[in-house]
Amino acid sequence: LFLGMSAGAFLVLDPFLTNILAGMLDFSIGGTNILKLYPYEISSLVFLFSLFLPFVKKFIFLTRVHPEKVFITFFIGGMHITSLTTLVKIDLSELVMLISFSALFLKSVVKDKPLTLSLLDILNLAFVAAVLISFMNAGFIPFIVYAPTLVKFMLMLFLLSNFVYNKELFVFSLKCIIVLTCISSLIGIGQELVFKTTGALLIGLVDKKNISLMFEITSQGTFLRIPAFFGTYKPFTFFLNTALLIVFNYFVYNRPFPFKKRFILTFSFSLMALALLLTFSKDGLLSLLIGLTFSLFLRWKRFILHAFSCALIAGISLYLMGFLDDILKAISTDYHWGEYRIRLQLAREGILGFLNRHPFIGVGVSHIFRYTSHYLHWAPHNAFIEAAGAVGISGLFFYIVLLGYTFYNLIKVTLIAKSLEDIWISRGLFSG
């Protein structure tokens, strides 16, 4: 009875309380104070909070019982909604990392549990040190701008090695990647439909530079290179390729499936493949094609000779029918007059600048464009040339060592995998 009377009194007094708050606080969006939209806003917020209270209790329980899974879910989920959660250059994934690192540090102090420092973390620290040295040529302002990115990079590897420490958590991470990427694919396809029908961009908070790169002009009109809520389509293609290859390898190593499971896998793969097509990323599509081909070769090694023979016959057929000349002509045209010519020129200028100007410590992460003469200040479109120009020989060395160490571990896990689950997981990641 007391709770009912209190709720009734609060509901009656809600318009009065809302007017007081509207006079004291100004939460304006588009010139309209959100506290003046309608008179029962506080009651509505309390009601919504009561609806979500069971989920909050469940979240607190999971945080105590499975803190690793909570971190994995929020970290990966935060990367999927970067453009929705960016506030003063800090998005949800970065906030999750800061909170998780603080909790992990306090846990190690209180429970005297040592933190794990892997060889990958040590190599990462060495690479970051080389990047910091390169700021001697870049200046203080770029250091302030890019320092949070370096901290994020170090924290990310450190937290992943401390939170994803067994097979169960690793498999859970892969499931999160697939589920969240499917959701982002639906969002991206919806963005394309809205853009084609209304011209509106429902992509979150994205700067003008990235927006200018999000349109693809085709014979069917202008399309949006869907970014979901990643802020740009590039990280979206990375998650799409990774998830597609994991699903594909799971499918080819675990057949046959019941109808329901086969439908879910086929639908998920088709959905993410369509999203990848709508990013219009040539690099992403080429990476997927190579990954799928490599996965098939690893799965059915006995057919490699057959595949090579088919490819040879197809090449001879193209030559005899005259199509090979057309293909070579198209490649030559792009090489001499197309986009590849620009990329080649950028690569040439990047290499010459690296060798002749700052070969040891680099020109700085944000100043690689100084080596090129492009009117839009484009940097070389090659990761190794860009790394060499930005951080010099020392940084390039640790960059290659980091990639080599990761590649070595993937090969090792692929070769020693015994169970079927270990095989398809390792080969799916290796193909990616």
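**Exercise 1. The hairpin**

Strand β3 (residues 215–218) and strand β4 (residues 221–224) pair over four bridges in the antiparallel sense, in what is a predicted model. Work out which residues of β4 are the bridge partners of threonine 218 and of phenylalanine 215, and how many residues the hairpin uses to join the strands.

*Solution.* Begin with threonine 218, whose bridge partner in β4 is glycine 221. Turn next to phenylalanine 215, which has leucine 224 as its bridge partner in β4. Finally, follow the chain from β3 to β4: the hairpin that joins them does so through two residues.

**Exercise 2. The chain as a whole**

Describe the chain by its helices and strands, by the share of its residues that count as buried, and by the surface that it exposes.

*Solution.* The first step is to list the elements, and here the chain has 17 helices and four strands. The second step concerns burial: 34% of the 432 residues count as buried. The third step is the surface, where the chain exposes about 26,700 Å², with 74% of that area supplied by carbon and sulfur atoms. As a last step, consider the contacts in the chain with a separation of 6 or more, of which 68% are accounted for by residues 24 or more positions apart.

**Exercise 3. Two helices side by side**

Determine how helix α6 (residues 119–138) is oriented relative to helix α7 (residues 140–163), and say which classes of residue make up their contact.

*Solution.* Two packed helices are described by the angle between their axes and by the distance between those axes. For α6 and α7 the axes come within 10 Å and cross at roughly 175 degrees. Angles over 145 degrees count as roughly antiparallel, and therefore α6 is roughly antiparallel to α7. Now look at the residues that meet: those from α6 include Leu120, Phe127, Val131 and Phe135, while those from α7 include Phe143, Tyr146, Leu150 and Phe153. Sorted by class, the contact of α6 with α7 has 16 nonpolar, two polar and one charged residues.

**Exercise 4. The surroundings of histidine 80**

Decide whether histidine 80 is buried or exposed, and find which residues it contacts beyond its neighbours within four places in sequence.

*Solution.* Locate the residue first: histidine 80 lies in helix α3, which spans residues 67–80. Its relative accessibility is 3%, so histidine 80 counts as buried, the cut-off being under 20%. With neighbours within four places in sequence left aside, the residues in contact with histidine 80 are Leu180, Thr181, Ser184, Phe229, Phe230 and Phe239.

**Exercise 5. Three loop residues**

For alanine 228, phenylalanine 280 and asparagine 382, give the loop in which each is found, and then examine the degree of burial and a further feature.

*Solution.* Most residues other than glycine have a negative phi. Alanine 228, in the loop between β4 and α10 (233–253), has a positive phi, near 50 degrees, and with a relative accessible area of 0% it is buried. Phenylalanine 280 sits in the loop between α11 (259–279) and α12 (282–299), and its phi is also positive, at about 55 degrees. Its relative accessibility of 21%, however, makes phenylalanine 280 count as partly exposed. Asparagine 382 belongs to the loop between α15 (339–356) and α16 (383–416), and its relative accessible area of 32% makes it partly exposed. To finish, compare sequence with space: asparagine 382 and glycine 350 are 32 residues apart along the chain, and their C-alpha atoms are separated by 9.4 Å.

How values were computed. Residues numbered from 1 in each chain as written. Predicted model: local features only at pLDDT ≥ 70, side-chain atom pairs only at ≥ 80, totals over all residues. Heavy atoms only, no water. Buried < 20%, exposed > 50% of the residue type's maximum accessible area, 1.4 Å probe, protein only. Contact = heavy atoms within 4.5 Å. Pairing = 2+ DSSP bridges. Areas by Shrake-Rupley, 256 points an atom, 1.4 Å probe, with all protein chains shown as cover. Axes fitted to C-alpha atoms, helices over the stretch in contact; angles between N-to-C directions. Parallel < 35°, antiparallel > 145°, perpendicular 65-115°, else oblique. Nonpolar A, V, L, I, M, F, W, Y, C, P; charged D, E, K, R; others polar.
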